Amino acid sequence: MPAVGVITYDVTPLQGALANAFLILINALFFHVKFIGHVNQYPEDSSEKLLREDENVFDFIIVGAGAAGCALANRLSEQDQWSVLLIEAGDYPQPSTGVPGLFPTFLDSSTDTWQYTIAKNKQYCQAYKNKQCHILRGKLVGGTSAINNMHYIRGLDDGNKTQMIYECIENHVELDKFNNLDLMCKREIYLEQVFQKSIVRKSMQDAYHSIGFSNNSQKSSIGYGNSYLTIRDGERYHMGRAFLTPLKGRSNFFLAKNTLVEGIVLNDPLDKRAKGVNVTIKNIRLFLQARKELILTAGPINNAKLLLLSGIGPKEYLLKRDIPVMLNMPGVGENLNFHLAVPLFFGLNATQLYEDYTETDLVQDTFDYVVYRSGNFSNVGIHDFVTFMSTDAYPNVPNIAVYHYYFKVGDRMIKTWLEGLQLNQKIVTNILKANEQQTILMFLVTLLRTKSVGQIQLNDTHFHGIPNIVGNFFTDPDGEDFIALTSAISRVANLQDTPPFETIGAQLLDIRVPNCRNYKFCSVHYVKCYVQNMAFPTSDISGSLRRGPECDTSAVVKPDYEVRYIRCLRVCDSSILPNPGLGNTVASDAMMAIDLSEILKKKWIKDYMSPFD
Ligand SMILES: Cc1cc2nc3c(=O)[nH]c(=O)nc-3n(C[C@H](O)[C@H](O)[C@H](O)COP(=O)(O)OP(=O)(O)OC[C@H]3O[C@@H](n4cnc5c(N)ncnc54)[C@H](O)[C@@H]3O)c2cc1C
C-alpha cells in the first residue's frame, strides 16, 4: 500500500525520448524545490545540548527569535567574549514560508502560530466566527516576520540616530545616505520593490489620483505607492534569514528552538535583578542563568504574560490569582494598542478583467517559481500597493493605511484569506459566490493610531493558559477611532464614482453583514454598522509594557529598555511602543534591537564608543 499522501501513477506507457524528457523534468523539479527555505541556512539547534549540561550559564539570554530577538542576537554575539543564547518556542520555518505568493496561507496555520482570541464583546467583532475577533503571532524562528505580509515600513524617524540605524541595517542603495558609517553597517535586511504592472494597479492609482492623492515617494507619508518588501531573489527574506544566517558557526552563539520560557527568575524579592529563566524542553524543566542581562523579545502578548506570571504586575490583580508578588507594577498588560482594520470589497465587471484562475495557471505558477523563482508566487500581487491618508487634525501625518488584494474569478486564495480572517461563514459564502462571476478587489482600511486601549490579563497561573485579551475597541472618550474609520471607509467607498473605477466597472459588494441588514446599503447608518461589526485588530500590536520617562510611574520600561526597578531585565520590541506606529512593526522592532545592542555594549564594554552617538 502506498504511504499516505503519495499518489501512484502508471508511467510505464512512457518510453524513449518522452520518458527521458519526463524524468529530466521531474529531476529538475526535485533539484530546485529542495532549496526553497532549506533549514541548513539557520544556526544549529542547541536545545539538546542544554538538556545534557548540569549548569547552563550565558552572558545574555534573549527570549523570542522574532524580528527584535534575531537582530539583537546578531549584534551581541559580535563580541567573541560574550556567550549569547536565543530561545525560541517554535521550530525552523517550513519551506513554504519562503514563498512570497503563499503569504495568506499562514493565517490559520496552527503549527507556526500562536492563535489568540479577543474577549467577546457585543459592541464589536460581531461579523467574525463565534462573534469574536482573532489575532495571531508567529511561533517559529524569525517570529511573525517569517509568516507576515512582508511590507517593510519604517516608523516615524525621531531623529538622526534612528534614521542612521535604519540605513545601517537596510540593504537598499536608494535608501542609503550614511555612507560614512560603511565600516560598521552590515545591511542585512534585503528590500525589493517587486510590483507587477497591471490594469488593476493602474486603475487604482488613477482612482486615488482623481480624489486628490499623489504618488508617495517618501514611504509612509500621505499618498499611494509600492512598499518595499522583505524579499530577496524571489524568496521571503525574514529577520531570521537576515540576522541569524550570518551567525552559523559563531561559537559563542546558541539557538535553542522548541524551547518554551515559562517564567522569569529574579535574584530574590529584595535584590531585584534578573537571574535567568525557567524553560521547558521536551517536557523537561530547566533553569538557564543570565550572567549579564535577560532580554524579552517575545512580542507584546507573551512578554506581558511572562511578567505577570513571574509576579511583576498590578499587586491586587496578582494577589487575587495567588501569584506571589515580586514587584507591584500597575502598567503591565494595560496599554495594549492595536491597528484596527475594516475589509471592504469591490466587484469588478469589466470584461477585460474577467480573468479566471485555472488549474493550468496553478501548474504554470508552481513551475515558474520552483525552477526560476519567478512568476506569481515570487511576489504578493497588488498587495504591495498601499495608500496612506489622514482623516484627523494632522493632514500631513497618516492615521490610515489602505492595503489592497486582488482575486481573479474562482481564485483559491480568496477563500484562504476570508477563512484566515475568520469571517462569519454567511459572509464568506456571499463573497465566494460573487467571486464565481467577478474578479474582486479587497481593501483593508486600517486605523494606525488608535486611541482606545485594551488589556492583557491572565486566565491561568501557568504559561500554557490562554491569556484574556480585552480589545476595548471604540471606547476612547471622544469616539475618535470610530469617526476616523467611518470617514476613511466613506472616502474609499467613493472611489467607485471615479472615472477609472467606472471604467473597470468597480462596484461595492453588498456582502450582507448579518447585523446590518436593516439599513439601506451604503447609507450613513449602514456604514456605521459595517464599521462596528467588521472592524478587527490586525497583528500589529504594541504598548502592553509601555516605555516612558523615569518619572512616569505608569510606564513599565525605562528609556534604556530596562524594566523599572529591576536591574538587567530588558524588553525590546513593539511591546514598549505606545502605539504600533505608522505602518507595520518589523522595521521598528529590528531598529530598536540594534539601538539596545549599542546600549548594552556601552554598559558592559569599557570605553566603548557607539558609532551612532
Ligand atoms: C498576518 C500578519 C501580517 C503582518 N504583516 C506585516 C507586514 O507586512 N510588515 C510588518 O512590518 N509587520 C507585519 N506584521 C507584524 C509583524 O510581523 C510583527 O509585529 C513583528 O514581526 C513582531 O516582531 P517581534 O520581534 O516583536 O515579535 P514576534 O515576531 O511575535 O516574535 C516573538 C517570538 O518569540 C517567540 N516566543 C514567544 N513567547 C515565547 C516563550 N514564552 N518562549 C520562547 N519563545 C517565545 C515566538 O514564538 C516568536 O517567534 C504582520 C503580522 C501578521 C500576524
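Let's begin at the ligand in this predicted model. Six elements each supply at least two residues of the shell around the ligand: the helices α3 (67-76), α7 (299-309) and α15 (586-604), and the strands β4 (134-138), β13 (259-266) and β25 (536-542). There are 39 residues around the ligand, and those that come nearest are Gly64, Gly66, Gly143, Ser539 and Asn584. Sorted by class, the shell holds 15 nonpolar residues, 18 polar ones and six charged ones.

Now find Asn579, in the loop between β26 (569-571) and α15. Is Asn579 buried or exposed? Count its surroundings: 21 other C-beta atoms lie within 10 Å. A residue is called buried when that count is 20 or more, so Asn579 is buried. Who are its partners? Setting aside the neighbours within four places in sequence, Asn579 is in contact with Asn337, Arg449, Thr450, Ser542 and Gly543. You can also look across to Asp540: this residue and Asn579 are 39 residues apart along the chain, and their C-alpha atoms are separated by 9.1 Å.

Next, turn to a pair of strands. Strand β2 (residues 84-87) runs parallel to β12, and four bridges join the two. Across this pairing, Leu86 stands opposite Leu255 in β12. Which way do the residues of β12 (residues 253-256) point? Phe253 and Leu255 point one way, while Phe254 and Ala256 point the other way. This fits a general pattern: in a regular strand, side chains alternate between the two faces of the sheet. In β12, the residues pointing either way are all buried.

Terms used. Residues numbered from 1 in each chain as written. Predicted model: local features only at pLDDT ≥ 70, side-chain atom pairs only at ≥ 80, totals over all residues. Near = placed C-beta within 6 Å. Nonpolar A, V, L, I, M, F, W, Y, C, P; charged D, E, K, R; others polar. Buried ≥ 20, exposed ≤ 12 C-beta atoms within 10 Å, placed from the backbone. Pairing = 2+ DSSP bridges. Contact = placed C-beta atoms within 7 Å.
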